[in-house]
Structure formats: C-alpha cells, structure tokens
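User: I'm new to this structure. Could you walk me through how to read it, one feature at a time?

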Amino acid sequence: MKRYLTLVPLLLIALLLAACAPKPTPTAPPAQTQAPAPTEAPTEAPKPFRVAVVMPSSINDMAFSQSMYDALVAIQNMMGKDRFEFVYSEGMFNVDDAAAAIRDYASQGFDLVIAHGSQYGSSLKEIAPDFPNTSFAWGTTVDTFGLPNVFAYEAASHEGGYVNGVMAALMTKSKVIGVIGPIETGDAKLYVDGFKAGVASVDPNITVNVNYIGSFSDTALAAEAANTHISAGADVLTGTAQMVVGAIGVAKDKGVLWFGTQSSQASLAPNIVVATQVYHWEVALKEMIDLIQGGTLGGKSFTINLANGGEVIEFNPSFDVPADVKAKAQETIQGIITGSIKIELPK
Amino acid sequence: MNQDFFSLTVLIGILTSGVRLATPYLYAALGEMLGQRSGVLNLGVEGQMLMGAFAAFYVTYVTGNLGWGVLAALLVGAIMGLAMAFVTVHLQAQQGISGIGFYLFGLGLSDLLFQKLIGTVRTVSGFPKIVLPVLGQIPFLGEIFFQHNLLVYLAYLLVPLAWFLLYKTTLGLKIRAVGENPQAADSLGVSVARVRYFTIILGGVLSALGGASLSVGLLNVFQQNMTSGMGFIAVALVYFGAWRPLGVLLGAWIFSMINALQLWMQILGVPIPSDIAIMLPYVMTILVLVFAASRTRAPAALTKPFTREG
C-alpha cells in the first residue's frame with residue numbers, strides 16, 4: 001500500500017509538467033489573446049476574426065512553424081489587434097495530440113482553424129465535417145478533400161529553391177554542393193528538386209549531394225550530415241526544415257556558405273548565410289480570411305510563390321553578395337515570375 | 001557517384017564522424033550503466049541530457065564563459081539525479097514510470113526555459129577543436145581520433161575511468177554488490193541507499209554533460225528536443241554493451257559509425273532509398289540486442305527497490 005502512495009507525488013509531478021510544458025497544452029492561449037470572451041456587452045465594434053493554428057515544431061524554429069507564426073503576426077499588424085486574434089499550439093509532433101487540439105479549437109468557435117503540417121491531413125478529414133460552420137485550412141498540400149469548409153495551402157518551394165540553386169552554382173568553387181533534408185517528401189523534396197534544377201541550369205557538371213536524415217528534430221545528425229558534405233568537398237550548403245540549425249552551426253564553424261529556406265536564417269550565422277527563401281503565408285491567409293468573411297468557408301487551394309509575393313528571396317544584409325550573383329538571382333526571379341523560366345522537376 | 005565508396009577520404013570521413021557522433025551517447029550510456037550496475041534503471045536520461053544541454057548553452061550564452069556553462073550543466077545534472085534518486089530510492093517508486101516522468105519533465109522544462117529566457121535559436125562559440133600535439137599529426141589516426149573538442153576527449157577518457165571505478169575500487173565493488181544482491185551487501189554494512197544515490201546522481205551529471213557536449217561542443221545551438229531520442233538509445237546501448245564500459249564504447253561506436261556510413265551512402269549515391277539507409281543504425285541496434293539478450297545477464301537487482309527486511 002505504502003508503495004502505491006509514493007506514486008501520488010509522482011503523478012503530481014507529471015501533472016505539473018503537463019501544466020508547465022508549453023507544447024502539449026492545446027488550450028493554453030498565448031499572452032496576446034484573451035480567452036474566448038463570452039457575450040460582451042453589445043457594442044458597435046465588429047467581432048474580431050479569430051484564428052487558431054496547430055503546428056508541429058516551435059514558433060521560433062527558424063523554419064516551418066515560425067514562417068506561419070510570423071505570417072499571423074503580420075496579419076495582426078495589418079488588421080489591428082482588435083480585429084484579428086490568434087492562438088496557437090506548437091510542438092505538436094504527435095498527430096493524435098494535434099487532432100485533439102484541432103477538435104478543441106473547432107468546438108471553441110474559432111473562425112478559422114489551421115492545421116499547419118501535412119501529417120495532420122487524415123485527422124482534419126475526419127474532424128472538418130463535424131463542424132460545418134467552422135473553416136479549416138490545411139498545409140502544405142493542395143487537397144481540400146472536396147469538403148466545403150476546408151482550404152488547402154502550399155508553397156511553391158521549388159521556385160526559391162531554383163533561385164538559391166542558381167546562386168549556389170555561381171558561388172561554389174569546388175563544384176560540389178551539399179543539401180540536407182528531413183524526409184524525402186512534400187515541401188522538402190520540392191525545395192531540393194528545385195534547388196538541383198537551379199544548379200543544373202548554370203552548370204550541369206556541378207555535383208549536388210543530397211542527404212535526407214530522416215528526422216525533423218535530430219539537430220546532431222543534421223550537423224554530422226553537414227560535416228560529411230564538407231568532407232566530400234562541398235563548399236556551399238543548403239537545407240530545409242527546423243533541424244538544419246545544427247548544419248548551419250557547422251557551416252559557420254567551417255566557413256562554408258549557406259542558403260536557407262522557410263524563415264530567415266541570416267541571424268544565426270551572418271557571415272556565411274547568403275540568402276534565404278522566406279515564406280509569407282499571409283498572402284494566402286489574407287485571401288482566405290476575405291473569403292470566409294464573404295461567406296465562403298473552403299473548397300479552394302492556395303499556392304504562395306514568387307509571383308504573388310508569398311515567397312521572397314531575402315539577401316542577408318551582413319553578407320556581401322557579389323553583384324553579378326545578385327543580378328543573376330533577380331533575373332531568375334523575374335524569369336520565374338514571367339514564366340520565361342520553366343522549372344523541370346523530376347517525377 | 002563522384003567518389004569511390006571505398007576511398008580513403010570516405011573511410012576516414014566515416015570513422016571521424018562516428019567518433020564524434022558517439023560522444024553524447026558515451027556520456028549518457030556510461031552514466032546509465034553505473035546506475036544500472038547498482039540496480040536502478042533510469043529512463044529519464046533524455047530529460048537530463050536536455051536540461052544539461054540547455055543549462056550549458058544558456059549560461060555560456062549569458063556569461064560567454066564555457067567553464068561556467070559546463071559547471072551549470074553539472075549542477076543541473078546533479079539536481080536532476082538527486083530528484084530521481086529521491087523518488088526511486090527513498091520513495092521506492094516504480095523506476096520505469098518515474099524515469100519517463102523525469103524525461104517529460106526535462107523535455108518540457110528545457111523547452112519552457114528556452115522560450116522564456118532565449119526565445120529563438122541562437123548560437124554560441126563552443127569548445128574549439130583541439131589538435132593534440134604529436135598524436136594529432138599521425139596520418140589517418142590523428143584525424144580520426146585526435147582532432148576533436150575537449151568534451152569529445154573527456155567522453156573517451158571516461159571509459160577507462162568508469163572501468164577503473166567499477167572493477168578496481170572498493171566503491172565499484174559496492175556498486176556491483178548492491179546491484180546483484182542488495183540484501184547481502186546490506187548485511188555487510190554497505191548502505192544500499194547511499195550507493196544508489198551516488199550512482200544516480202553521477203548518472204545525472206554525466207547525462208547532463210552529454211547534453212552539454214551537443215549544445216556547446218558539437219552544435220553550439222540549443223533547440224527544443226534537440227537530443228531527439230539519444231537518451232533512449234543510450235539506455236539501449238547499456239544492454240547492448242552488456243553493462244561493461246568497453247561494451248558500451250563498442251556499442252556507441254557501432255551505432256554512430258553506421259549512422260555516419262548511411263550519411264555517406266546517400267552522398268555517394270548508393271542506390272538504396274534514403275528511408276532504408278536511415279533505418280540501418282536502429283535495425284542494427286535491435287539485432288544486436290536480440291543476440292546480446294541470449295548471452296548476457298542484467299544485474300540481478302535491476303529495477304528492484306530495496307527494503308531492509310525484519
């Protein structure tokens with residue numbers, strides 16, 4: 001009996017953790033949002049548009065999740081704090097937890113619930129029909145499941161990848177370039193394929209070594225992949241997803257150039273980051289919000305790209321990008337926007 | 001394929017990577033081994049590593065001093081170990097469950113502190129690479145073994161130290177006795193609780209150092225859940241290494257070398273899908289565990305709380 005009693009403090013600890021940990025608490029709203037204010041005194045002011053988002057990693061991952069967080073902040077600045085509110089659940093690697101959070105948010109009456117991660121798709125497909133008056137968004141994908149209240153969004157990450165590839169090809173001296181990706185699918189694969197096409201467009205004889213490390217979180221393995229690329233002769237690296245910060249650290253140590261994607265990574269290593277393809281999801285989100293306010297709850301898919309300003313190539317201000325490289329990059333961006341450059345992706 | 005798979009560059013690359021990658025596993029697994037030899041299974045290693053990684057990173061980030069950073073990791077590791085020892089030895093809680101509790105605690109708290117105190121991914125300048133005089137100049141071997149940072153060397157130094165502690169000192173004898181037959185040890189006047197407190201706290205300290213070897217040694221960044229399962233692999237490596245320091249070293253090497261090998265396989269364009277390559281180290285771990293299970297025996301009192309009879 002005594003032995004079981006000792007489990008009590010343990011349980012308490014476990015509960016405490018659950019309360020402390022910012023990750024698995026889908027209902028904890030961040031500071032900038034009030035709890036769903038119930039029936040305020042009727043005022044003239046219109047109700048704020050309320051968005052909830054569930055994302056796989058943390059809002060400061062310098063990659064996928066941060067790109068969404070930054071977009072929501074941008075929209076809030078655009079619309080005003082009294083017109084736009086958002087809450088988020090971050091670190092939802094576990095799909096079941098994410099599904100519970102999505103359902104929670106939906107039943108709390110948010111106007112738009114965003115499932116920011118392709119792994120959440122099957123959960124969303126089940127949940128969305130139960131809340132016909134709530135709008136959902138799922139990324140990154142083009143699939144709305146044919147449901148009237150689901151939007152889909154994705155990034156044409158191959159476009160920025162192509163531009164990065166062109167610049168990388170112009171800047172490599174060893175003619176070997178290393179790429180680090182998480183899993184060979186989705187946004188990552190699209191970026192990597194675009195990057196390879198960009199390199200090949202400049203010089204098909206440059207070797208592009210690609211390494212998928214099988215994880216979105218294994219920073220150490222990403223770092224070792226970078227080491228391996230450098231041993232194999234690479235003097236320019238790129239990579240996608242949140243674990244690449246490990247690789248950027250190695251690149252910084254060894255003085256090897258880095259091209260980023262998703263969120264701006266220049267602050268991590270100002271001396272070696274050349275440019276980053278930065279996602280501006282607000283381009284797609286703004287359209288969604290307009291549609292929802294006009295009564296359309298879903299059924300449409302959005303792609304952010306260079307042409308619509310959803311993807312921007314950000315040059316690192318502290319890195320002296322050679323003028324000819326910059327010019328070629330601008331030319332490539334224009335080419336992609338006008339359609340004179342067609343990116344051939346392997347099937 | 002631009003390089004021959006069996007070229008010297010590749011071989012040296014794999015071995016160097018393997019030696020480096022093994023570092024955090026070595027710290028954590030050696031600490032875990034000492035705990036298990038005294039009869040305590042600690043599944044909280046991963047949480048201790050994360051807390052150590054964060055403490056070392058944060059203090060280094062704020063003070064700019066790596067010494068303080070490592071000291072902070074040691075301290076945090078000791079506190080985590082003390083808490084674990086209190087729960088498992090004093091309160092005699094079920095070890096597996098409480099270990100998982102401590103894992104989740106470390107995972108959550110390190111992330112929370114990271115968000116509150118630092119906020120975004122940042123870098124520090126960590127331990128620099130030290131090329132050892134003379135040894136570092138040896139062709140091939142020098143590059144593989146003697147051109148690493150201080151925390152890598154320390155990890156390897158711990159292997160003979162752990163062996164010495166375990167087999168050549170009275171304390172080591174007590175640890176083993178407490179892990180095999182606590183009743184007998186107790187009747188000979190050995191304090192089972194004290195020995196277990198010692199090994200668990202030491203384990204916590206080593207795990208935290210393992211975390212620090214990542215955050216201020218190999219990577220020089222901190223990120224939520226940056227150990228991503230290393231602590232659990234470390235527990236597996238203890239079984240893999242049959243509870244012996246040399247076995248643990250061998251296990252850590254095999255695991256890390258295969259990981260390094262699969263990175264090279266992809267770069268060299270060996271025609272297998274990346275998903276298969278990524279699985280290799282884990283498949284290997286399971287296979288060896290299956291074989292190891294049949295030829296070795298765990299410490300007899302492992303996971304059993306000790307209560308004095310009578």
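Analyst: Let's start at a helix end: just after α11(B), B:Gly269 takes a positive phi of about 75 degrees. Before we go on, this is a predicted model, where local features need pLDDT of at least 70 and side-chain atom pairs count only at pLDDT 80 or more, while totals for chains, interfaces and linings use all residues. Residues are numbered from 1 along each chain as its sequence is written, and chains are lettered from A and ligands numbered from 1 in the order in which they are written.

User: What is α11 of chain B, and how far does it reach from its first C-alpha to its last?

Analyst: Helices (H or I, at least four residues) and strands (E, at least two) are DSSP runs, numbered from the N terminus. The expected span of a helix is 1.5 Å times one less than its number of residues. Helix α11 of chain B covers residues 245–267, has 23 residues and reaches 33 Å, close to the 33 Å expected.

User: How many helices and strands does each chain have?

Analyst: Chain A has 11 helices and 12 strands. Chain B comes to 12 helices and 2 strands.

User: How do I read burial, and what share of each chain is buried?

Analyst: Count the other C-beta atoms (placed from the backbone) within 10 Å of a residue's own: 20 or more is buried, 12 or fewer is exposed, and in between is partly exposed. Buried residues make up 54% of the 347 residues in chain A, and 54% of the 310 in chain B. For a single case, take B:Val159, in helix α6 (residues 150–168) of chain B. B:Val159 has 17 other C-beta atoms within 10 Å, so this residue is partly exposed.

User: Which residues does B:Val159 touch, not counting residues up to four places away in sequence?

Analyst: A contact means C-beta atoms, placed from the backbone, within 7 Å. By that rule B:Val159 touches B:Leu30, B:Pro245, B:Leu246 and B:Leu249. B:Leu249 is 90 residues away along the chain, yet the two C-alpha atoms are separated by 7.2 Å.

User: Which face of a helix is buried? Try α4 of chain A.

Analyst: Look down the axis and check the arc, meaning that of the directions from the helix axis to the C-beta atoms. In α4(A), the buried residues are A:Ala98, A:Ala99, A:Ala101, A:Ile102, A:Tyr105 and A:Ala106. They fall within an arc of 165 degrees, so they line one face of the helix. Their cover includes β1 (49–54), β2 (84–89), β3 (112–116) and α5 (121–127) of chain A. Just after α4(A), A:Gly109 takes a positive phi of about 80 degrees.

User: What is a nonpolar core, and which residues have the most contacts inside the largest one?

Analyst: In soluble globular proteins, nonpolar side chains tend to be buried together. A core here is a set of buried Ala, Val, Leu, Ile, Met, Phe, Trp, Tyr and Cys residues joined through C-beta atoms within 7 Å. The largest has 161 residues, and those with the most contacts inside it are A:Ala247, B:Tyr25, B:Ala29 and B:Leu237. Helix α9 (residues 192–218) of chain B gives this core its largest share, 15 residues. Apart from it lies another core of 51 residues, including A:Ala98 and A:Phe145.

User: How many residues of each chain are in contact where A and B meet?

Analyst: 44 residues of chain A are in contact with 43 residues of chain B. On the chain A side, α8(A) gives the most, with 10 residues.

Note on methods
Contact = placed C-beta atoms within 7 Å.
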